[in-house]
Amino acid sequence: MSQYDPAQIEPKWQAAWDDAQTFSATRDESRPKYYVLPMFPYPSGRIHVGHVRNYTLSDLVARYKRATGHNVLHPMGFDAFGMPAENAAMASGGHPKDWTYANIDTMIEQMKPMGWGFDWDRMFATCDPEYYGQQQSMFLDMLDAGLIYRKNAVVNWDPVDMTVLANEQVENGRGWRSGAPVERKELTQWFFKISDYSGELLEALDTLDDWPAKVRLMQANWIGRSRGLQFAFSTVEAPEGFDRIEVYTTRPDTLLGASFVGISPDHPLARALEAERPEVAEFVAECRKGGTTEEAIETAEKLGFDTGITVRHPFDTSWELPVYIANFILMDYGTGAIFGCPAHDPRDLEFARKYDLPVRSVFAPAMGEEGTFILPEDGGPAYVPPKPETVRYLQPFAGAEAMTGEDAIDAAVAFCEDNGVGTGVTKFRLRDWGLSRQRYWGCPIPVVHCDTCGVVPEKKENLPVVLPEDVSFDVPGNPLDRHPTWRDCACPSCGAPARRETDTMDTFVDSSWYYARFTAPRADTPTDMDEAKYWMNVDQYIGGIEHAILHLLYSRFFARAMYVTGHLPETSKEPFSALFTQGMVTHAIYQTPQAEGRPTYHYPEEVELKEGKAFLKDTGAEVEVIPSAKMSKSKNNVVDPVTIVKQYGADTARWFVLSDSPPERDVEWTAAGAEAANRHLGRVYRACAEIAASDVPATAEDEALLREMHKAIHDVTLAVESFGFNAAIARLYGLTNALTKSRAGSGVKREVAAVLAQLMAPMTPHLAEEIWQLLGRDGLVANAPWPLADEAMMIEDTVTMPIQVNGKRRGELTVPRDMPKEEIEKLALAHDAVVRTLDGAQPKKLIVVPGRIVNVVA
RNA sequence: GCGGGCGUGGCGGAAUGGUAGACGCGACGGAUUCAAAAUCCGUUUUCCGAGAGGAAGUGUGGGUUCGAGCCCCACCGCCCGUACCA
């Protein structure tokens, strides 16, 4: 009998699918459509195991949905703009375009042998002018619709290289190349008005039933709707025009605990003082050191500068509070000014203790819950109970003494409004989306700057504004800025000499509408409405949890913006009907510690495993094993899928990434696991080949095997529907074992083997086709309808229930499936173990859950 | 710092509030073999016990319940995100 030989069978079936055009999607109103989309990859140069997991998951869903009668769209493309291409050009002197397209070719070559059923005819890369030209066209429509505007925003500035840095290019506050301390610098930049949609994007989260709850929660917190009070402090001895400082607070109930007013270093008042007073300028310059990330700002040491200006408390004009410039206050949120209440905010407390400002508690734990509570003014930590918790107000100015924070906030807002101290307002944390990038390898922003006409949109007939190819990366900065001819152009409005916008778009723009483009990838408009109406929405989107907020939120906004500009139907405002977030693929790190600095990392193939320990093959020296680490080139623990496929075949790689871990969790790649997967597939192949050739008449075991088959169909179908692919695989192991051990006749065994092939087809499609053929079935298993479980065939006559005494298992009871509760009670009380444990005592309670459990409470 | 998630045998993991450890890996024992590889069969949470059986046990500490891996509270550890990595 022939052996399982993936190298021979896999290319054969891939060619068969190609010939039959199995996975090319065309509109067909007679069948329900199903659009399954894995997040498209960045063309880094090689596919990695994370990609293998992502596309194996989407392919499984696609093949399963095909089998259940759906017209499936399962496309693939490349998110091809971005920094790595420019970094490669800087490092090795090539061109980002050549680097990118060469990488795409390599990756396609690596993807094809995996047997993923993509509709390759729809492929595109976002750096294709055909794609980004349509993106420019939409930009103009959105600009026209008032969805895009310009304003100032801060960037990371490398003062030595004189260039803007991405957050990841800032290491410990210094530029990655120059090593110079990074500064925050303001530039005029383009923005999408995503904040216009804050409320809608938040509320619509409730409609996304098939999204993970954690993602919806993360987005809700990110959008961050808050109710609060906006009011103004009147100032004492402030410069002209600063009679008042507007502040926003979400805790107006803590107004009597106010201790100081803090303003952002970018607040207009801070700017005014900076211009006049050198010591302020010095302090503000100090605040502007470091990167722009929220993390860097929040974890930096809290710094304050006493301006000498004071403000009057709105409830008591004789009470004056100092005004500090503070480095932890963001100009982007609220009004860029706050009042500090140290007793009830840890940051304010740290600040107050540092600058010796008063700490005044506003509320304390409600009566009876005080325990060991220490007031913050007596050295305790800031007291910040959850808002729904009832607390005791020490000096209630609005409402009762004991109230929840929520009620107290409402009462305080009402009180302040009644007394002319500010108004209650709703604010969002979500900021507008800055899309300008001072970089070459991105979609050019199609506008022109003219001295007379100002900012002028490029004419649509002049699109795409194509990136020039004659650029060099030998000097830091954006080559578009210094391009001799591309930059200079004629004003589309008056024709006078003008200057092209040299900022390009954030790559998040590219990935915010690719799902829509896949429905009509060659259209000469951004989308084709008929195709979009048929294929949208994405029925199942699959990708990494790392995109939970930004990419998914931007895409949700973009779909709305595309609806407003007529590029998507209203029904596509939420473009992803269901979302699944997969876990990472990890791999052990093998390292030898060094006396100083980084350890030496060893490749897995240099290491030998013996008795749970790892040794270097060369020297026999023991190496340290760090399990389950994220794969990283610098740690030498990256597994290359190409090697795996050469060694074991694509089906083994697919089977392995699906088995073991549930798909939403991280999975550790182990050589042993891959071998085990391969061994099992070999077992299935041999068993089925043997069955195909056997000739045993029907036996008494036929029915038992058929029952097992129907139960397996039922269980696997449920598991696949609920993304429990590891459970589905465990069930398939079970069916395989039942099939190989059964003494049923050949007829039934062949039927079960064929069903096994069908159930495995979405996971190991090549092997499934081969078995299908061995069994003499017609056509492709890829085109066969999904098997149906016959519920009547699954029913067993008896059930076995555990018997517990006081919640501890003491025995079990096998009874007819439909035995009445009273009968079960009698049998349970008469059971040896129960009699022994009760020892003559009367049971206090008897709980019988028919078919489930019996619990005797003594 | 803040927001979110996860934590179960030697390992990956299973378990609508109802027998904790399915299924797989590894390990151990056996069959087959001149021998090995491959393959097949069996055992495998820990501790006590010859055995029958018993006790403990799902990161830590508490709580709710007839019954908690699952629900609630506090803590510890790891992972993701933190708006210019994609």
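**The 'HIGH' region, the cores and the RNA surface**

UniProt lists residues 41–51 as "short sequence motif: 'HIGH' region", in an unreviewed entry; such annotations may be inferred rather than shown by experiment. In this predicted model, local features need pLDDT of at least 70 and side-chain atom pairs count only at pLDDT 80 or more, while totals for chains, interfaces and linings use all residues. Residues are numbered from 1 along each chain, and side-chain values use heavy atoms, with hydrogens and water left out. Over residues 41–51 the chain is 27% helix and 0% strand (DSSP runs, helices H or I of at least four residues, strands E of at least two), and the end C-alpha atoms sit 8 Å apart.

Gln582 is in strand β26, residues 579–582. At 9% relative accessibility, Gln582 counts as buried (under 20% relative accessible area, 1.4 Å probe, protein chains only). The Gln582 side chain reaches the backbone nitrogen of Asn54 at 3.2 Å. Beyond neighbours within four places in sequence, Gln582 is in contact (heavy atoms within 4.5 Å) with residues including Gly50, Arg53 and Leu57.

Turning to the RNA, 64 residues surround RNA strand B (a heavy atom within 4 Å of the strand), and the closest are Asn167, Arg439, Arg683, Arg809 and Asn855. Of the strand B atoms within 4 Å of the protein, 65% belong to sugar or phosphate and the rest to bases. As for individual pairs, an N or O atom in the Gln438 side chain is 2.9 Å from a base nitrogen of strand B. Polar side-chain atoms of Thr507 and Arg679 each lie 3.4 Å from a phosphate oxygen of strand B.

Key
Chains are lettered from A and ligands numbered from 1 in the order in which they are written. Buried means under 20% relative accessible area, exposed over 50%, partly exposed in between (1.4 Å probe, protein chains only). A polar contact is a pair of N or O atoms within 3.5 Å; within protein, one must be able to donate a hydrogen and the other to accept it, and residues adjacent in sequence count only if both atoms are side-chain atoms.
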